[in-house]
Amino acid sequence: MIAALSRMMRSQLAHNALSLYAVQGLNYLMPLIVLPYLLRVLSPEGYGSIVFAQALLGYAAIFTDFGFNLTAARDISVARNDPQRIAEVYWTTMAAKASLLLLCLIVIGGVVVADANFRNHWQVFAACGFLVIGSSAFPAWYFQGLEKLKEAALIQAVAKCVITGCTFLLVKSPGDIVLAAFLMSSPQFIGVLVALALRIPLSPPNFYRPTVANVRDALKGSSDMFLSTASSSLYLYSNTFILGLMSGDRAVALYGLGNRLVLAIQSLTVPVTQAVFPRASILFASHPDRALQLVKRLAWLLFPAIALVSLLMFIFAPFIVSVLGSAKYADAASVMRIMTPIPLLVTVSNVLVQIVMVNLGLTKQLLRMYITVGVLNLLLLPPLVHFYQANGAALSLTIAETLAPIMILRVLWRRHAFRKR
């Protein structure tokens, strides 16, 4: 194990990941600086209403992504020496995402107009709409495919610095909830503006005019990955949405705070997996044995570290909540403790899915697994929320995330993915 870690730390991948961590430090730090301020200024109900609106818009973000964050990144990585092919993948993907974005905005607008309670908060929903617009406009998958992750991280770091400054300067009271909703939902949208200001290209130099057939083929090629991602949203976004419908904005605020901290821990692994993904795509296409060795070294590096951080979060949950959210959010400590296994479970799932299953073409099996997990979560969620409110939503999510890596490992073992060749 020590020898494997030593080799990994001396590799170019380690250099890329550590460089990315240095740039992305602001990406992790800025939200944690802003969060305590927003929790106190907006009140639990105000903060909860934003989290609830973001949950609804999260469905649209998944739809506009359509799995391209993995499939397009893979295709660009494999074609990195073919500028024309890169242009074809890029502009076809952007055309497909633009079409999906237009459809989503129409549907979400109709949902908000149709419900009286949603109509009363339409401005919050509109502000949170930049979550979808930004995720469609900022081509993170393009940077990932070309292994230009430092540039993407720099853009997001500057964007989050801008958002942090604007939050402290402009959000002063619960009456500023719409502005707060916009700032909380627009990192990628502002990232596009930052890239334009810094003259960092967001597209390849060559232009390709995609045809309808190109877009149709791109959607078809990414459909399995999209359906798998959409199925996972049953327990990522539905928990917040159903909790809000059943228990109100305060329960959503408690759940949202615990979930936000869990997501912060999960994000610690993102630079490593992003750095490894393009290399793994090439190795799986040319040297599968070497690719699997890379995955095993990655597991030895990430899994123990995330397990330790999760344990510390469980022990110090009340203190963390008191520092971030004040006494009004004390009940979020139990939510956080229930969810402490999730960072490790999600890290295992992400490594196996993004690095292994996508590159082995096992997306159809992935769809079946996520549907099973999502249906289980939906069955457990209403009774657990009814009896335990925010804690019930956290418990339902934890159970679902526990089942996911078990099913993934079962598929990979049956496919002999980790057996000696």
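Serine 77 is buried, with a relative accessible area of 1%; buried here denotes under 20% relative accessible area, exposed over 50% and partly exposed in between, computed with a 1.4 Å probe on protein chains only. The residue belongs to helix α3, where helices (H or I, at least four residues) and strands (E, at least two) are DSSP runs numbered from the N terminus. From C-alpha to C-alpha, serine 77 stands 9.6 Å from phenylalanine 143, although 66 residues separate the two in sequence.

The model is a predicted one, in which local features need pLDDT of at least 70 and side-chain atom pairs count only at pLDDT 80 or more, while totals for chains, interfaces and linings use all residues. Residues are numbered from 1 along each chain as its sequence is written, and side-chain values use heavy atoms, with hydrogens and water left out. The pLDDT, the predictor's confidence in each residue on a scale from 0 to 100, averages 83 over the protein chain, and 90% of the residues score at least 70. Confidence is lowest in helix α1 (residues 2–10), with a mean of 47, and highest in helix α10 (residues 177–185), at 93.

Helix α3 spans residues 68–78 and includes phenylalanine 68. Phenylalanine 68 has a relative accessible area of 2% and is therefore buried. Its C-alpha atom lies 7.2 Å from that of threonine 93, which is 25 residues away along the chain. In the loop between α2 and α3 sits phenylalanine 66, which also counts as buried, at 9% relative accessibility. The phi of phenylalanine 66 is positive, near 55°, in a residue other than glycine. Another non-glycine residue with a positive phi, near 75°, is serine 43, and serine 43 is found within helix α2 (residues 12–65).

Further along the chain, tyrosine 142 is placed in helix α8 (residues 140–145). Tyrosine 142 is buried, because its relative accessibility is 6%. Between the C-alpha atoms of tyrosine 142 and leucine 202 the separation is 8.0 Å, with their positions 60 residues apart along the chain.

Two packed helices are described by the angle between their axes and the distance between the axes. The axes of helix α14 (residues 249–266) and helix α18 (residues 332–339) come within 8 Å and cross at roughly 40°. Such axes are lines fitted to C-alpha atoms, for helices over the stretch in contact, with angles running from 0 to 180 degrees between N-to-C directions. Helices α14 and α18 are therefore oblique to each other, given that angles under 35 degrees count as roughly parallel, over 145 as roughly antiparallel, 65 to 115 as roughly perpendicular and the rest as oblique. Their crossing is right-handed, the near helix being turned clockwise from the far one by less than a right angle (anticlockwise would be left-handed).

Helix α19 (residues 342–360) has 19 residues and reaches 25 Å from its first C-alpha to its last. That reach is close to the 27 Å expected at 1.5 Å a residue, the expected span being 1.5 Å times one less than the number of residues. A kink of about 35° is centred on valine 353, the bend at a residue being the angle between axes fitted to the seven residues ending there and the seven starting there. Helix α19 is mostly covered, with 15 of its 19 residues buried. After α19 comes glycine 361, with a positive phi near 75°.
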